[in-house]
Structure formats: C-alpha cells, structure tokens
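This briefing works through the model from one hairpin outwards, taking the strands, the helices and the contact between chains in turn. Please read each point with the coordinates in view.

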Amino acid sequence: MQYQSSLGREGLVDLALQQYFANVDKKDLDAVLDCFHDNAMITVQTAFTVHAGKENIRRMFVDFMGAWETIVHRDFTCTVDETNGRITACFTAELTDNDGNTTVLHNTNFWRIRENKFQEVYIYMSGENPLT
Amino acid sequence: MADLPYEYYVDIVTKRYFDGVDNYNMEQVLDCFHEDAVLTEVTSMTVHEGRDAGIRTMFEGLFAAHDRIWHGNFVHTGDTETQAICSQFSVEVTPKGAADFLRYENCNRFYLKDGKFDRVFVYMSGENLLK
C-alpha cells in the first residue's frame, strides 16, 4: 500500500528515532503508542509474527517493557525515502534482564508512514524474537 | 556520482541485480558490486568478502543448489542523499530435485559507492540460503 506522508526527511527521522525509539528505551508506553495509527500493524518478518491494531501493539509493548530491566537502541543508520513516506533504520538493540543477562540484536526496521504516524512497521531481527 | 537519480537505485536492485540472480547470470550479478564489496547475511552473521572471491563463491553455491530462483513483490526505501536503498521482497526457490518451492520474506540493505554496491546486508525469514 502506498501512503501519503506529511513529513519531510527530518520529520521522518525524528518520528523513528526520537518519538519512537527514545520513548521505547524510556518505557514511556503512551508516547510510543502515539506514534501509531489506531489500525497500524507491526510485523516481525523474521518470525512471521503480526500485531494488528493499537490494542495488540499496546499488549506487545507492555510485555516487552516488563520483560527487560533496561532497553537500549543505539548506533542507528537511517535510509529515508521522503517522497514515498518510508524510512528504514538499522541499529543495535541491547536488552538486559533482571539478572543482568544481556541480549544483543542487530536489527532493521522498515516504517511506512501515513500522514505523520506509523501505518505499517516491519522488523527484521538477527536473533530470537523478543516481541511476542 | 552522489546525484544519481532515485530510479537508478531501484533499477540496479531490480533490473540488474535480482534479474541477474533469477536468470543465473553470474556476470550481470557481479557487475553490480565493487571489487572489494562485502555481503553479510545478518540473521546468521555469514560474511562474504570480495566480488570475485566470497561473493562469487556464494552465488555459485546458490545457483548450483536450486532449479528455480524468483524475487518479487518489492517495496523500496530509496535514499539518493546517502546513496542507499533498502528493499523488502518475497523469494521463492526450488531446491534441486525438490517438488515444492520454499518461500521467504526477506529484506536487503544496499549501500552504494559510485553507482555500485559497496556493502550489502541480507535478512532472511528462514534458513540461510546464502552460505
């Protein structure tokens, strides 16, 4: 599906990195969910897992934020297609549990933006899917 | 060559690279890469270094192992400013002698320099085919 986005290059990067990932790392659930349309969809493509609709996305993030003591996303490289309202970022995700055990993933996200929020998100992971 | 047009990035991925892969045209495929290019399969952290060494060997293995290879259903994120294109797509492959094909939903990240692939990163939804 091709969507119309109202965001330029800087706006797309800000949405993906500051409004989304920075708030995931802060475990600010409301701010994270504000990045999504009500009928948005997240697909973890490497695990064929789909979370459709904001309520299912909320449930996924509640579990994810509860499962890890600290969540850090860093070392982003963004590819921005502002004409088509798409942005991709590769990054390192560092997840640490309550016992101090750390899981490091090298992932890539694809976002398709409608107006100024996420309509579709596709995640490709280097390891086991923590977004269940 | 930083001002290559948007369509250049889509065309090198679809009309040159994947067209070459799907038609077993090794020279067409390798012509998309710089000599010192590196291709990394991220989901298994398999690294193939050098157009005429690791990357050629990888494609020789892929071509020898399959009777049919098809890439399609592309959605691209193309960025002329950073000379990069990230592509999502479906893959169907039929292993040699098998009756049924395997289906994958993959993505590649291509980083170009002077119009050719410098670094390529592949994520696969199933077992790594690019060994």
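In this predicted model, the hairpin formed by β3(B) and β4(B) has four residues between its strands, and Gln83(B) takes a positive phi near 55° there. The two strands of that hairpin run antiparallel and are joined by 11 bridges, with Gly78(B) standing opposite Ile85(B) in β4(B).

**The sheet of chain B**

- β4(B) also forms a hairpin with β5(B), this one with six residues between the strands, and Gly97(B) in the turn has a positive phi of about 80°.
- The strands β4(B) and β5(B) run antiparallel and are joined by 10 bridges; within this pair, Gln88(B) stands opposite Cys107(B) in β5(B).
- β5(B) pairs in the antiparallel sense with β6(B), residues 116–123, over seven bridges, and Lys113(B) has Lys116(B) in β6(B) as its bridge partner.
- Taken as a whole, the sheet of chain B is open, has six strands in the order β2-β1-β6-β5-β4-β3, and is mixed in its pairing.
- The edges of that sheet are held by β2 (46–49) and β3 of chain B, each of which has a single partner strand, so one side of each is left without a neighbour in the sheet.
- From one strand to the next, the twist in the sheet of chain B averages 20°.

**Helices of chain B**

- Helix α1 of chain B, residues 6–22, lies across β3, β4 and β5 of chain B and runs at about 170° to β3(B).
- Helix α3(B) packs on the sheet, where it touches β1 (33–41), β2, β3 and β4 of chain B, and its direction makes about 55° with that of β1(B).
- The 16 residues of helix α3 of chain B (residues 50–65) should span 22 Å at 1.5 Å a residue, and the end C-alpha atoms of the helix are 21 Å apart, which agrees with that expectation.
- A kink of about 35° is nevertheless present in α3(B), centred on Arg56(B).

**Chain A**

- Chain A has three helices and six strands, which follow the pattern α-α-β-β-α-β-β-β-β along the sequence.
- Its six strands form an open sheet of mixed pairing in the order β2-β1-β6-β5-β4-β3, with β2 (49–52) and β3 (70–81) of chain A as the edge strands, each pairing on one side only.
- Strands β4 (residues 86–96) and β5 (residues 102–114) of chain A pair in the antiparallel sense over 11 bridges, and Thr96(A) stands opposite Thr102(A) in β5(A).
- Helix α1 of chain A (residues 9–25) lies across β3, β4 and β5 of chain A, running at about 170° to β3(A), whereas helix α3 of chain A (residues 54–67) lies across β1 (36–44) and β2 of chain A at about 55° to β1(A).
- For 132 residues, a compact globule would have a radius of gyration near 14 Å, and the 14 Å of chain A agrees with this; the C-alpha trace of chain A spans about 45 × 30 × 25 Å along its principal axes.

**Contact between the chains**

- On the chain B side 14 residues are in contact with 16 residues of chain A, and β3 (66–79), β4 (84–95) and β5 (102–113) of chain B each supply at least two residues of the side that touches chain A.
- By class, this side of chain B comprises five nonpolar, six polar and three charged residues.

Methods. Residues numbered from 1 in each chain as written. Chains lettered and ligands numbered in written order. Predicted model: local features only at pLDDT ≥ 70, side-chain atom pairs only at ≥ 80, totals over all residues. Contact = placed C-beta atoms within 7 Å. Nonpolar A, V, L, I, M, F, W, Y, C, P; charged D, E, K, R; others polar. Pairing = 2+ DSSP bridges. Axes fitted to C-alpha atoms, helices over the stretch in contact; angles between N-to-C directions. Expected span 1.5 Å × (residues − 1). Bend = angle between axes of the 7 residues up to and from the residue. Rg over C-alpha atoms; globule rule 2.2 N^0.38 Å.
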